[in-house]
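Hi,

Here is the structure I promised to pass on. Have a look at it first, and then read my notes below.

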Amino acid sequence: MEFRIVSFEEVTSTNDVAMHEAAVYRHGSLLTARRQTAGRGQRGNRWESEPGENLLFSLVVEPTRIRVDRQFRISEMAALAASDAIRESTGGGVPCVVKWPNDLYVGNRKIGGILIEHALQSEYLSRSVIGIGINVRQRAFDPSLPNPTSIALCCRGEEPPVPDEVLRCFCRAFSRRYEQEEERLHADFMGRLWRGDGGFYDYRDVASGERFRATVAGVDRHAGELTLRETDGTERRYWFKEVEPLF
């Protein structure tokens, strides 16, 4: 896959620019910014970042023949490529995993996040804008954030990579993941899933407030629905924001 990198000093958000100028930014366009004044996370959450310290970008892909009901494949590509980039840019020193559906974690701390926005044509995806934020060299965070970390904080005395090096690693990784066969891609996603080790962990059902203990039983590779299995074998299925992991 070929990339056309466009760099901005400051924008509201790279996803906004890519979404609003669809005729300009076509397949392979990758928009980066040193600063976003209105960076967005999933479900309207704000994404805070010190200017120039982190990697903030959006990638435009125009997939061929991916049905709307199989759109989770794009999420798997993006999350794995971002995780690959963090691992490769640090020589494997930062073992980034994917917290369902597409947050980036090291241990129990969030090192990055992904926001994907789709455009549709009939029953197929026509255009996807993949917004990614990775904390690279920032060492201090807003105390209101629950569990942030960065590559610099995880390197333990080693010099962290610069954001551009992480981006180069991402481009190489995404090229591989974009061409990967669907079943292998999903298997790799499951193999890198946070809390996907077969252990039982504590969760809270957001709607009812009920707390329960469960293991990850699976993720639907087409739609992305999460299945958790309790200790007695009972299975619960959730969409994003319907269940909360407890630490």
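Let's start with a salt bridge: Asp103 pairs with Lys110, and their closest N and O atoms sit 3.4 Å apart. Keep in mind that this is a predicted model. Is Asp103 buried or exposed? Asp103 is buried, because its relative accessible area is 12% and the cut-off for buried is under 20%. Lys110 comes out at 23% relative accessibility, so it counts as partly exposed.

Another pair to click on is Asp188 with Arg177, where the closest N and O atoms are 2.8 Å apart. Asp188 belongs to helix 5 (residues 182-191) and Arg177 to helix 4 (residues 163-179), so this salt bridge ties together parts that are 11 residues apart in sequence. Arg177 is buried, at 9% relative accessibility, while Asp188 is partly exposed, with a relative accessible area of 22%. These two also belong to something wider: Asp84, Arg177, Arg184, Asp188 and Arg192 are linked in a network of salt bridges.

One more pair for your list is Glu230 and Arg236, with the closest N and O atoms 3.0 Å apart. Here Glu230 and Arg236 are both buried. The total count in the model is 22 salt bridges.

Now for the sheet. In what order do its five strands run? Going across, the order is 11-10-9-8-12, and the sheet is open with antiparallel pairing. Strand 11 (235-238) and strand 12 (243-245) are the edges, each pairing on one side only. From one strand to the next, the twist averages 45 degrees. In case you haven't met this yet, strands of a sheet pair through backbone hydrogen bonds, either parallel or antiparallel.

To see one pairing in detail, zoom in on strand 8 (residues 201-205) and strand 9 (residues 211-219). They pair in the antiparallel sense over four bridges. Which residue of strand 9 is the bridge partner of Arg204? That partner is Arg211.

Next, try finding Val68. You'll see it in the loop between strand 3 (55-61) and helix 2 (72-89). With a relative accessible area of 23%, Val68 is partly exposed. Which residues does Val68 touch, once its neighbours within four places in sequence are left aside? Its contacts are Leu120, Ser122, Glu123, Tyr124 and Leu125. For something to try with the distance tool, go from Val68 to Gly93: they are 25 residues apart in sequence, and their C-alpha atoms are 36 Å apart in space.

Finally, zoom out to the whole protein. Its secondary structure adds up to five helices and 12 strands. The C-alpha trace spans about 50 × 50 × 30 Å along its principal axes. Is there a simple way to judge how that chain is packed? What radius of gyration would a compact globule with 247 residues have? The answer is near 18 Å, and the protein has 18 Å, so the two agree.

A few other totals go with that picture. Of the 247 residues, 51% count as buried. If you take contacts with a separation of 6 or more, residues 24 or more positions apart account for 63% of them. As for the outside, the protein exposes about 11,800 Å², and carbon and sulfur atoms supply 45% of that area.

Cheers

Note on methods: Residues are numbered from 1 along each chain as its sequence is written. This is a predicted model: local features need pLDDT of at least 70, side-chain atom pairs count only at pLDDT 80 or more; totals for chains, interfaces and linings use all residues. Side-chain values use heavy atoms; hydrogens and water are left out. Two strands pair if DSSP finds at least two bridges between them. Helices (H or I, at least four residues) and strands (E, at least two) are DSSP runs, numbered from the N terminus. Axes are lines fitted to C-alpha atoms, for helices over the stretch in contact, and angles run from 0 to 180 degrees between N-to-C directions. A salt bridge is a side-chain nitrogen of Lys or Arg within 4 Å of a carboxyl oxygen of Asp or Glu. Buried means under 20% relative accessible area, exposed over 50%, partly exposed in between (1.4 Å probe, protein chains only). The radius of gyration is taken over C-alpha atoms; the globule rule is 2.2 Å times the number of residues to the power 0.38. Contact means heavy atoms within 4.5 Å. Accessible areas come from the Shrake-Rupley method with a 1.4 Å probe; for residues, only the protein chains shown count as cover.
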